[in-house]
Amino acid sequence: MATTTRPLVRSARGTRSTIALKLTMALSGLIFIGFVLAHMYGNLKAFAGETSFNEYAEHLREIGEPILPYSGLLWILRLGLIAALVVHVTAAVLLWRRAAKARPVQYEMVRRASSSISSRTMRWGGLTILVFLIWHLLNFSIVKINPTGGETNNPYALLVDTFGVWWMTLIYLVAMAALALHLHHGTFSSMQTLGLTGTAKARTRARTAGWVLAVVVAGGYSLVPLGVLLGLIE
């Protein structure tokens with residue numbers, strides 16, 4: 001009797017931990033989406049001109065004073081974003097390893113043939129986004145790297161100089177394409193994990209929400225580098 005019970009107990013524990021990992025991915029993904037939407041709003045202020053954009057950038061650093069030090073809230077947001085990403089990536093890797101061990105090769109091939117491009121690119125797309133975010137923080141926030149060798153203390157000038165370099169804009173647009181695919185499938189998966197896709201109509205709404213979010217976020221972020229290349233932001 002004992003030998004029969006142990007595998008069942010291990011299976012139950014494994015199921016619970018898998019559900020916990022999926023919930024962790026869903027919640028950390030929602031945190032990331034909230035940050036992305038807020039950041040996109042700030043980026044679009046570049047179309048209002050240098051003064052408006054730099055005032056917004058400075059305001060972010062002054063929020064919370066004097067309770068928080070200068071840039072205190074900004075660093076809390078950065079660390080929170082990094083923590084959410086670490087949790088998200090860790091949960092994704094653990095789930096991927098479990099799925100790889102449990103799934104037969106033949107089933108994997110059938111699943112790939114019937115899946116969408118956004119679901120098939122989740123792993124590589126996620127890695128692309130992670131690498132890009134590290135560079136993005138170094139480029140605009142933590143270190144401030146101007147690829148043209150120009151000034152770095154003027155946020156608007158740093159933005160225009162960066163996207164005035166064609167290959168920097170290309171890297172950014174490729175990352176936005178990866179982000180769009182990741183958001184499309186990730187939104188549906190998160191809603192599924194949270195129990196919001198129980199009917200055919202609910203699943204359709206979840207897929208639509210994924211596409212809308214992907215287009216709005218990737219499109220909104222792409223407007224700024226394209227605006228610089230087209231001379232709308234200068």
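At what angle do H7 and helix H9 (residues 200-229) pack? In this predicted model, the angle between H7 and H9 is about 75°, and their axes lie 8 Å apart. Angles from 65 to 115 degrees count as roughly perpendicular, and H7 and H9 are therefore roughly perpendicular to each other. On the H7 side the contact is formed by Leu159, Val160 and Phe163, while H9 contributes Val224, Pro225, Val228 and Leu229. By class, this contact of H7 with H9 comprises seven nonpolar residues, with no polar and no charged ones.

H7 also meets a second helix. The axes of helix H2 (residues 50-62) and helix H7 (residues 155-163) come within 8 Å and cross at roughly 115°. The crossing makes H2 roughly perpendicular to H7. Here H2 offers Glu50, Phe53, Asn54 and Ala57, and H7 offers Pro155, Tyr156 and Leu159. The contact of H2 with H7 is made up of five nonpolar residues, one polar residue and one charged residue. Leu159 of H7 thus appears in the contact with H2 and also in the contact with H9.

How far the model may be read in detail depends on its confidence values. The mean pLDDT of the protein is 83, and 84% of its residues reach 70 or more. Among the elements of the protein, H7 has the highest mean pLDDT, 94, whereas helix H4 (residues 105-114) has the lowest, 51. Where pLDDT is low, the predicted coordinates should not be read in detail.

The loop between H2 and H3 holds two backbone features. Pro66 lies in this loop, and a cis peptide bond with omega of about 0° joins Glu65 to Pro66. Ser71 lies in the loop between H2 and H3 as well; although Ser71 is not a glycine, its phi is positive, at about 70°.

The empty space in the model can be considered next. Rolling a probe the size of a water molecule over the atoms shows where empty space is left. The structure holds one cavity of 30 Å³ or more, and the volume of the largest cavity is about 40 Å³. Its lining consists of Phe132, Trp135, His136, Asn139, Phe140, Phe163, Met168, Ile171 and Tyr172. H6 and H8 are the elements that give two or more residues to this lining, and H6 gives the most, with five residues. The lining of the largest cavity divides into seven nonpolar and two polar residues, with no charged ones. Phe163, one of the lining residues of the cavity, is also among the H7 residues in contact with H9.

The second largest pocket contains about 780 Å³ of space. It is lined by 33 residues, and those nearest its centre are Phe35, His39, Asn43, His136 and Ser141. Helix H1 (2-43), H2, helix H3 (72-102), helix H6 (122-140), H7 and helix H8 (166-193) each supply at least two residues of this lining. By class, the lining of the second largest pocket has 25 nonpolar, five polar and three charged residues. His136 connects the two descriptions of empty space: it lines the largest cavity and is one of the residues nearest the centre of the second largest pocket.

Definitions and conventions:
Residues numbered from 1 in each chain as written. Predicted model: local features only at pLDDT ≥ 70, side-chain atom pairs only at ≥ 80, totals over all residues. Heavy atoms only, no water. Axes fitted to C-alpha atoms, helices over the stretch in contact; angles between N-to-C directions. Helix = DSSP H or I, 4+ residues; strand = E, 2+ residues; numbered from the N terminus. Parallel < 35°, antiparallel > 145°, perpendicular 65-115°, else oblique. Contact = heavy atoms within 4.5 Å. Nonpolar A, V, L, I, M, F, W, Y, C, P; charged D, E, K, R; others polar. 1 Å grid on protein atoms, 1.4 Å probe; cavity = no way out; pocket = protein on both sides within 12 Å on 5 of 7 lines; lining within 4 Å. Points joined across faces, edges and corners; volume = space filled by probe spheres on them. pLDDT = per-residue confidence, 0-100.
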